[in-house]
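User: Please take a close look at a single part of this structure, and then follow its connections outward. A connected account in prose would be preferred.

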Amino acid sequence: MVRTITVASGKGGTGKTTITANLGVALAQLGHDVTIVDADITMANLELILGMEGLPVTLQNVLAGEARIDEAIYVGPGGVKVVPAGVSLEGLRKANPEKLEDVLTQIMESTDILLLDAPAGLERSAVIAIAAAQELLLVVNPEISSITDGLKTKIVAERLGTKVLGVVVNRITTLGIEMARNEIEAILEAKVIGLVPEDPEVRKAAAYGKPVVLRAPNSPAAKAIMELANFIAGKPKKKVSAEVREKKREGALAKMLRIFRRR
Ligand SMILES: Nc1ncnc2c1ncn2[C@@H]1O[C@H](COP(=O)(O)OP(=O)(O)O)[C@@H](O)[C@H]1O
Ligand SMILES: [Mg+2]
C-alpha cells in the first residue's frame, strides 16, 4: 500500500520544509522508496534545502500541462526522489493547483511513500495538498500561537478525511518557557510523535544545501528526525516478555488502588 503524507502547519516558518526534506532522506536511508513533492509552489524552497535548484522541468510545468510528471522526478541526496516546485513567477501563473491530485495519483504508481510539503495556512492550495493525502503530519513550534494555528489545520484535515498521523514539535529550546508535550497533546487532541530541538546544524546544513541528516547525522535535530522516520516506517515492536507484562499489570492495579484509597 502506498502511503501519502502531507506535512502541514498553521503558520509558515515552523519547519515544514526542513522536516519534509530530512524525513524523506531518512526514510530513503531506511530502504524505502520515497518521493518528496514540493506542493508549496508559491514559496518553493525544498529544492534549496536539498541542493537541487535550477532543474529544467518542475511541478509548475506539470501543473501547467507543459510536461509529464515522470520528467519532473529527480533523484536527490540519499536516494530520495524529488519533485521540485520551480521558482519562476511566470510558471506559477500558468500552474493549475487543481491538477495536483491527478499528478499525485500518477506518482503513487512508482513509489512507496509520498511526502508532500504543503503550503502554510488554509488557502486553496494548502487545502488541496491536505485533501490529496491520506495522512497528515502537523508541524508546530512549542508556543501557543503556533499550536492554535495548527489546530485549525488539523480540524480542516479531519473534515477532509485526512487522518492525523501525529504532531511534530520543532525548534524546542531549553529556555524553559515552552509548552510541554502533554499540554500540546491536550490542545491538539493528537499524539506528539516527534520532538525536534532547536539546532544550529539545521541552518548550517540548509546554507550548504545538504540535508542535516546527511551532513550532521549525530546532531540532536538529525537524530530526532531519524527517530521520527523509524516511528513512521513502523519499527518492529520489541516483544514484551510475560514477566514484564505481569509487572505492568501489577503497576496499573496498584495505581487504581491508590486512587480508590484516596477517596
Ligand atoms: N530545528 C531547527 N533548528 C534550527 N533552525 C531550524 C529548525 N527547523 C527549522 N529551522 C529554520 O527555520 C527556518 C524555517 O524553516 P522551514 O523549514 O523553511 O519552515 P517552513 O517550511 O515551515 O516555512 C529555516 O531557516 C530553517 O533552517
Ligand atoms: Mg516551506
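Analyst: **A strand, a ligand shell and the packed helices**

Arg-171 lies in strand β7; helices (H or I, at least four residues) and strands (E, at least two) are DSSP runs, numbered from the N terminus. The model is predicted: local features need pLDDT of at least 70 and side-chain atom pairs count only at pLDDT 80 or more, whereas totals for chains, interfaces and linings use all residues. Residues are numbered from 1 along each chain as its sequence is written, while chains are lettered from A and ligands numbered from 1 in the order in which they are written.

The backbone of Arg-171 has a phi near 70°, a positive value in a residue other than glycine. Arg-171 counts as buried because 21 other C-beta atoms lie within 10 Å. By this criterion a residue is buried with 20 or more other C-beta atoms within 10 Å of its own, exposed with 12 or fewer, and partly exposed in between, the C-beta atoms being placed from the backbone. Glu-189 likewise has a positive phi, about 50°, although it is not a glycine. Glu-189 is found in the loop between α8 (181-188) and β8 (192-197), and it counts as exposed because it has 11 C-beta neighbours inside 10 Å.

Strand β7 leads to the ligand. Of the 18 residues around ligand 1, Gly-15, Lys-16, Thr-17, Thr-18 and Val-202 come nearest; a residue is near if its C-beta atom, placed from the backbone, lies within 6 Å. The elements giving two or more residues to this shell are α1 (16-29), β7 (163-172) and α9 (200-208). The shell divides into four nonpolar, nine polar and five charged residues, where Ala, Val, Leu, Ile, Met, Phe, Trp, Tyr, Cys and Pro count as nonpolar, Asp, Glu, Lys and Arg as charged, and the others, Gly among them, as polar.

The loop between β1 and α1 contains Gly-12, which counts as partly exposed because it has 14 C-beta neighbours inside 10 Å. Not counting residues up to four places away in sequence, Gly-12 touches Met-43 and Ala-120; contact means C-beta atoms, placed from the backbone, within 7 Å. The C-alpha atoms of Gly-12 and Ala-118 are separated by 10.0 Å, although these positions lie 106 residues apart along the chain.

Helix α1 also packs against helix α11 (residues 220-233) at an angle of about 65°, with axes 9 Å apart. Axes are lines fitted to C-alpha atoms, for helices over the stretch in contact, and angles run from 0 to 180 degrees between N-to-C directions. The residues that meet are Ile-19, Asn-22, Leu-23, Ala-26 and Leu-27 in α1 and Ile-225, Met-226, Leu-228, Ala-229, Ile-232 and Ala-233 in α11. By class, this contact of α1 with α11 has 10 nonpolar, one polar and no charged residues.

Within α11, Ile-225 touches Ile-19, Asn-22, Leu-23, Ala-26, Val-196 and Val-213, leaving aside residues up to four places away in sequence. Ile-225 also belongs to the largest nonpolar core, which has 72 residues; it is listed with Val-7, Val-37, Leu-115, Leu-116 and Ile-130 as having the most contacts inside that core. Such a core is a set of buried Ala, Val, Leu, Ile, Met, Phe, Trp, Tyr and Cys residues joined through C-beta atoms within 7 Å.

Ile-130 is one of the buried residues of helix α6 (residues 124-132), together with Ala-126, Val-127, Ala-129 and Ala-132. Their cover includes β1 (3-8), α5 (100-107), β5 (113-117), β6 (135-140) and α7 (144-159).

Note on methods: Contact = placed C-beta atoms within 7 Å.
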